[in-house]
Amino acid sequence: MNQQFPDAFQSSMSTKSLSYAAYRRLEEMIVMLELAPGVIVRECDLTELTGYGRTPVRDAMKRLADDALVTIIPRRGALIAEIDIRQQMSVAEFRRPLEQMLSTLASNRRTDEEAQTISDLSQRMEAAIKANDVAAYLAADREYKRAVCRAARNPFLARSIDAMHSISRRFWYVEYKKTDEMGPTVGIQLKIMRAIISGDAEAAAAASNAYMDKVEVATRRSIELD
């Protein structure tokens, strides 16, 4: 009987892992517009698209609803959220203090191994920028944001900012599709990464603030052009 507890625990952990994997796959499909804004998708379609079962997909959609990326419609499926430029402005305002805290904590708490990971990702970003490859840049950016959240070692902060990162990445992907340019914020983002790598919390916070200045300016410009 005692052997049943580890088996049950392992099964629970396996379900959570699959649910998280399904969440990440669906989040990426939404960000990269593989699931178009304003479209209603059925649960069975999502299981076929992702290769995950009903339970992981259902868990993933609940989390995506919490992240404001979908709206669950009972007995019909999920409505993929429209891209709201004004919502992005609200997100940018709320992100500013959290990004400063995140970069400061990561600078103070990152390990040498985490610093190397962030350094490798910064090189991938620079290569993507030179190639004007937005898909490669966004993939590296996604990994960087997860890496810096791990380095900060504050799960509450990570959970709060994760949803905003998803909303922002989709917004900037759409903006890139309009302009075909990588945008002025990337250079400052690399400064944040270098500061975290060197453990300079003050420089990381200052660069984070400058980064959010650029984000807000670009968002306001999009609102004016909308």
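**Exercise 1. The sheet**

How many bridges join β1 and β3, and in which sense do these strands pair?

*Solution.* The model is predicted. Step 1: look at β1 and β3. They pair in the antiparallel sense over two bridges. Step 2: find a residue pair. Ile40 has Leu79 in β3 as its bridge partner. Step 3: turn to β2 and β3 (residues 77-80). These strands also pair in the antiparallel sense, here over four bridges. Ile72 stands opposite Ala78 in β3. Step 4: put the strands in order. The sheet is open, has three strands and runs β1-β3-β2, with antiparallel pairing.

**Exercise 2. The edges**

Explain why one side of β1 and one side of β2 lack a neighbour in the sheet.

*Solution.* Step 1: locate the two strands. β1 covers 40-41 and β2 covers 70-73. Step 2: place them in the sheet. Both stand at the edges. Step 3: count partners. Each has a single partner strand, so one side of each is left without a neighbour in the sheet.

**Exercise 3. The hairpin and the helix on the sheet**

Which residue in the hairpin of β2 and β3 takes a positive phi? Which helix packs on the sheet?

*Solution.* Step 1: go to the hairpin. Three residues lie between the strands β2 and β3. Step 2: check phi. Arg75 takes a positive phi near 70 degrees. Step 3: find the helix. Helix α3 (residues 54-66) packs on the sheet and touches β2 and β3. Step 4: give the angle. The direction of α3 makes about 125 degrees with that of β2.

**Exercise 4. Two helices in contact**

Describe how α6 and α8 pack.

*Solution.* Step 1: choose the quantities. Two packed helices are described by the angle between their axes and the distance between the axes. Step 2: apply this. The axes of α6 (residues 134-152) and α8 (residues 185-198) come within 13 Å. They cross at roughly 35 degrees. Step 3: add the hand. α6 passes α8 in a left-handed crossing. Step 4: list the contact residues. From α6 come Tyr137, Asp141, Tyr144, Lys145 and Val148. From α8 come Val186, Gln189, Ile192, Met193 and Ile196. Step 5: sort by class. The contact has seven nonpolar, one polar and two charged residues.

**Exercise 5. The cavities**

How many cavities of 30 Å³ or more does the structure hold? Which helix gives the most to the lining of the largest cavity?

*Solution.* Step 1: count. There are two cavities of 30 Å³ or more. Step 2: take the largest cavity. Its volume is about 100 Å³. Step 3: assign the lining to helices. α4 (85-109), α6, α8 and α9 (201-225) each supply at least two residues. α4 gives the most, with four residues. Step 4: name some residues. Among them are Tyr144, Lys145, Val148, Gln189 and Ile192. These five residues also appear in the contact of α6 and α8. Step 5: sort the lining. It divides into five nonpolar, four polar and three charged residues.

Step 6: take the second largest cavity. About 80 Å³ of space lies in it. The lining includes Ala68, Leu69, Ile83, Arg170 and Phe171. α4 and α7 each supply at least two residues of this lining. α7 gives the most, with three residues. By class, this lining has six nonpolar, two polar and three charged residues.

**Exercise 6. A pocket**

Which residues lie nearest the centre of the second largest pocket?

*Solution.* Step 1: state the volume. The second largest pocket has about 280 Å³. Step 2: look at the lining. It holds 15 residues, and Tyr20, Arg24, Arg146, Cys149 and Asp162 lie nearest the centre. Step 3: trace the helices. α1 (4-31), α6 and α7 (155-179) each supply at least two lining residues. The largest share, six residues, comes from α7. Step 4: sort by class. The pocket lining has three nonpolar, two polar and 10 charged residues.

Terms used: Residues numbered from 1 in each chain as written. Predicted model: local features only at pLDDT ≥ 70, side-chain atom pairs only at ≥ 80, totals over all residues. Heavy atoms only, no water. Axes fitted to C-alpha atoms, helices over the stretch in contact; angles between N-to-C directions. Left-handed = near helix turned anticlockwise from the far one by under 90°. Contact = heavy atoms within 4.5 Å. Nonpolar A, V, L, I, M, F, W, Y, C, P; charged D, E, K, R; others polar. 1 Å grid on protein atoms, 1.4 Å probe; cavity = no way out; pocket = protein on both sides within 12 Å on 5 of 7 lines; lining within 4 Å. Points joined across faces, edges and corners; volume = space filled by probe spheres on them. Pairing = 2+ DSSP bridges.
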